[in-house]
Amino acid sequence: MSSPQSTGEQDVVDVLVADHREVETLFVELETRQGTPEYRRQLADVVIAELVRHAVAEEAYVYPTARKALPDGDQIAEHEITEHSDAERTMKDLESVDPSDPRFDELLAHLTSTIRHHVQDEENDLFPRLRAATAREELVELAGKVTAFKKIAPTRPHPSAPDHPPANKLLAPGTGMIDRIRDALSNRPTSMDELREQQQQR
C-alpha cells in the first residue's frame, strides 16, 4: 500500500494525534489552576481555537473519508460530529465566563472530559481502522489538506452551535476570516505561539 518514498511522510492520523497531544498539554496546564486569571483566560482561548480548527478540519476531510472507506463509516462520522457539537456548546459557554467565576472550572472540566473521551474513541477505533482501510498515499495527501485547511479554519465556536456543525461551518468559508478579524480586535491569542508572544511583550 505504501511506496518507499512516502513512508517517511506524515499521514493524516499523525497530524491529528499531534493536535490531540498539544491540546492535552494545554488541558493539563489549565487543570493546575496556576497563573493569573488573565493567563488562564488566554490559555482557554488557545484551547478553544485549537479545538475548533481541528474539528472543522476533521469534518471537512477525515469524516467524509471514513464514510467512504468504512462499512459503518456513516454511523462513526455522525457519532463524532455529535461529540463535536457537544464540545462546541461547552466552548461557547466557556468563552464568555470569567476565570474567577466557579463556572469557568466546571465548564473546563466538562470540556476536558468530553474531549478526552472523543480522543480515546478516535485513537483506539477510528484512526487504526482508517489506516487499515485507506491507501497510505491518500492518508498522506489528507495530511496536507488538513494542515492547509487548519490555517484558514475558524477559531471560535459557531454562535448557534448546531447539531450538525458542517451545515454552518463548511458552507460559510468566510467565517474563518471574520473570526480572525474578531480575534485581532479582541487581542485574544489563537495559538501557543501568539500566547507566548503576548507574554514576552509584558
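Helix 5 has eight names on its buried list: R136, L139, V140, L142, A143, V146, F149 and K150. Keep in mind as you look that this is a predicted model. Try finding these residues on the helix, with one general idea in hand. An α-helix has 3.6 residues a turn, so residues three or four places apart point the same way. Read the list again with that spacing in mind, going from R136 to L139 and on through A143, V146 and K150.

What do the buried residues of helix 5 pack against? Their partners are helix 1 (12-31), helix 2 (37-69) and helix 4 (102-133). You can also check the length of helix 5, which runs over residues 136-152. With 1.5 Å a residue, its 17 residues should span 24 Å, and the C-alpha atoms at its ends lie 25 Å apart, so the two values agree.

Now follow one of those partners, helix 1, to the residue L16. Is L16 buried or exposed? Its relative accessible area is 1%, and buried means under 20%, so L16 counts as buried. Setting aside neighbours within four places in sequence, L16 is in contact with H54, E58, V62, F127 and V146. You have already met V146, one of the buried residues of helix 5. V62 is worth a look too: L16 and V62 are 46 residues apart along the chain, yet their C-alpha atoms are separated by 9.7 Å.

Next, move to helix 4, where you will find D105. With a relative accessible area of 19%, D105 falls under the 20% cut-off and therefore counts as buried. Which residues does D105 touch, leaving aside its neighbours within four places in sequence? The contacts are R33 and R40. With R40 there is a polar contact between the two side chains, at 3.1 Å.

Finally, look for the empty space inside. Rolling a probe the size of a water molecule over the atoms shows where empty space is left. In this structure there are 2 cavities of 30 Å³ or more, and the largest has a volume of about 150 Å³. Among the 16 residues lining that largest cavity, L51, H54, A55, H84 and I115 are the closest to its centre. H54 is also one of the contacts of L16.

Which helices help to build this lining? Helix 1, helix 2, helix 3 (73-95) and helix 4 each supply at least two residues, with helix 3 giving the largest share, 5 residues. By type, the lining of the largest cavity divides into 7 nonpolar, 4 polar and 5 charged residues.

Definitions and conventions
Residues are numbered from 1 along each chain as its sequence is written. This is a predicted model: local features need pLDDT of at least 70, side-chain atom pairs count only at pLDDT 80 or more; totals for chains, interfaces and linings use all residues. Side-chain values use heavy atoms; hydrogens and water are left out. Helices (H or I, at least four residues) and strands (E, at least two) are DSSP runs, numbered from the N terminus. The expected span of a helix is 1.5 Å times one less than its number of residues. Buried means under 20% relative accessible area, exposed over 50%, partly exposed in between (1.4 Å probe, protein chains only). Contact means heavy atoms within 4.5 Å. A polar contact is a pair of N or O atoms within 3.5 Å; within protein, one must be able to donate a hydrogen and the other to accept it, and residues adjacent in sequence count only if both atoms are side-chain atoms. On a 1 Å grid over the protein atoms alone, a cavity is a set of points where a 1.4 Å probe fits but cannot get out, and a pocket is an open set with protein on both sides within 12 Å along at least five of seven lines; lining residues have an atom within 4 Å of a point. Grid points are joined across faces, edges and corners, and a volume is the space filled by probe spheres set on the points. Ala, Val, Leu, Ile, Met, Phe, Trp, Tyr, Cys and Pro count as nonpolar, Asp, Glu, Lys and Arg as charged, and the others, Gly among them, as polar.
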